[in-house]
Amino acid sequence: CAEPSRAQPVLAGCPVFPADNIWNTPVDTLPLDANSAVYVSTIGASRPGHADFGAGLYQGGPIGIPFVVVAGAQPKVPVTFQYADESDPGPYPIPPNPPIEGGSNSTGDRHVLVLDRDNCRLYELFSAYPQPNGSWQVGSGAIFDLRSDGLRPAGWTSADAAGLAILPGLVRYDEVAAGEIRHAIRFTVPQTRREYVWPARHLASDLTGSQYPPMGQRFRLKASFNTAGFSPEVQVILQALKKYGMILADNGSSWFLSGAPDDRWNNDHLHEIAQLTGADFEAVNVSSLLADPNSGQVKASRPTVAAVVNAASFLPGPVAPGAIVTLFGTGIGPGVPSGLRLNTAGLVDNSLAQTRVLFDGFAAPLVYVSAAQVSAVVPYAVAGKSTTRCQVEYQTVASDGKDLPVALSAPALFTLSAAGAGQAAALNQDNSINSAANPAARGSVVSLYATGEGQTAPAGVDGKPAADPLPQPRQGVSVLIGGLPAQVLYAGGAPGLVAGVMQVNAKIPDGATPGPAVPVVLTVGGASSQSGVTLAVR
């Protein structure tokens, strides 16, 4: 598989918002905000930066904003809100004695952040106080689906003044230790304007002067800032400040960066951030990324298609009607992968996650979609053509066309390796998986799976799962196992699988030389499958 065009942060097995979310989008090439210099001056051009997190305790509480991860079975408890009209109603899965910002005796913001790792839902509370009966009295609370780009309703607060989630903007030790922070960082300033800008949803000020930054304003560390000489972990933070920047989320101290407490932090190293001053930052204009003010998903850039290969062999070459192909590129789908599903007509949905693959304008059924890889079934409408033009549309933005040769057949065998070679994806006669540890006997029947057989009889229907009458290739099918002709007992649609997947039942020749890697070749018409595919035979 190809690497995604933009890697998303992951915590406890959950995505921390999709990869194309505004939190996870680089801003290092975006233009400056027109008020950048004024904002920096107002916040404090000479004021130092500060890592508002670290190891150990300060005044009896953890240094930073802590969070706790729970299982989906964590019992939920009642929650009563001071600002109930802008809070998501409980109950919330708060475990006994969760970490509280500032500690249990704190009189500050007292944030409580809970991540349900099984459902990837984030529960955040502000001014949270436990009650003797097990319930909680809090100021406000918000629930976020970490797989979604959805924002709070316009004008609503959250557990944060800007109406944003807190956890996605925290600096966490594990990501710094891994060498890269892949998201913007939450930060505070003393005074903000009575406005908010995307992706923020709430204001928290009576000040109207244009010198004050609005909630949600994005900033970044200047590209010219020299990071040499800083500790390795601080260099990781500084690089993130250059690439992803930081989002203004609350009123507080100047240039205070938010993070999660962790006893593995080296506080002396974190104090190096005080070498930065406000003059090292600049405000960024992110308006070019805005697609929908009610979504955190950024506007798609023009998708690019780098390669189109057979989905079984992973080799380039001609396409055939009904063949399953894989496209590699950038920006061709969403950050969260989406798999095959059927529509109400019982056909494979040809529009997954706002992606379309077109062959000469005909929409292809989609099997798998992600930001860098899409698998689709070539429409049967290309039959009879010598070439077809392939394009990808993502969020209505189309890639350049890619001209592909069309053949009557372009067979390839599916394998157990993503490389398209090695052990065939085959079933033995007893329906067990063929492998070196489970070889098929000579004279027994194996079921092979392939694509690229071309047009069928009855004619293939785009996206239709194979069912009686099972479609069979119009061209002749033959199989060699160990270089010897194998008797083909059946070649046609694989029951229940999408049109374009062919099942071939072949009898292993009695004279085949046994071994864990006996070559197998499928021929349909005048074209043969890729080399290097093997069966285990005893």
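Which residues of α3 are buried? In this predicted model, the buried set comprises V234, V236, I237, L238, A240, L241 and K242. Helix α3 covers residues 232-243, 12 residues in total. From first C-alpha to last, α3 reaches 17 Å. This is close to the 16 Å expected at 1.5 Å a residue. G245 follows α3 and has a positive phi, near 75 degrees.

A second site of interest is H183. This residue lies in the loop between α2 (173-178) and β13 (185-189). H183 has a relative accessibility of 2% and therefore counts as buried, the cut-off being under 20%. Two polar partners of its side chain can be named. One is the backbone oxygen of P168, reached at 3.0 Å. The other is the side chain of E175, joined to that of H183 by a polar contact of 3.0 Å. Both P168 and E175 also appear among the residues in contact with H183 once neighbours within four places in sequence are left aside. The remaining members of that set are P9, W23, N24, G169, L170 and Y244.

Confidence was examined along the chain. The mean pLDDT of the protein chain is 94. A pLDDT of 70 or more is reached by 98% of its residues. Over residues 1-6, however, the pLDDT is below 50. This stretch has 17 contacts in the model beyond near neighbours in sequence. Where pLDDT is low, predicted coordinates should not be read in detail.

Terms used
Residues are numbered from 1 along each chain as its sequence is written. This is a predicted model: local features need pLDDT of at least 70, side-chain atom pairs count only at pLDDT 80 or more; totals for chains, interfaces and linings use all residues. Side-chain values use heavy atoms; hydrogens and water are left out. Helices (H or I, at least four residues) and strands (E, at least two) are DSSP runs, numbered from the N terminus. Buried means under 20% relative accessible area, exposed over 50%, partly exposed in between (1.4 Å probe, protein chains only). A polar contact is a pair of N or O atoms within 3.5 Å; within protein, one must be able to donate a hydrogen and the other to accept it, and residues adjacent in sequence count only if both atoms are side-chain atoms. Contact means heavy atoms within 4.5 Å. pLDDT is the predictor's confidence in each residue, from 0 to 100. The expected span of a helix is 1.5 Å times one less than its number of residues.
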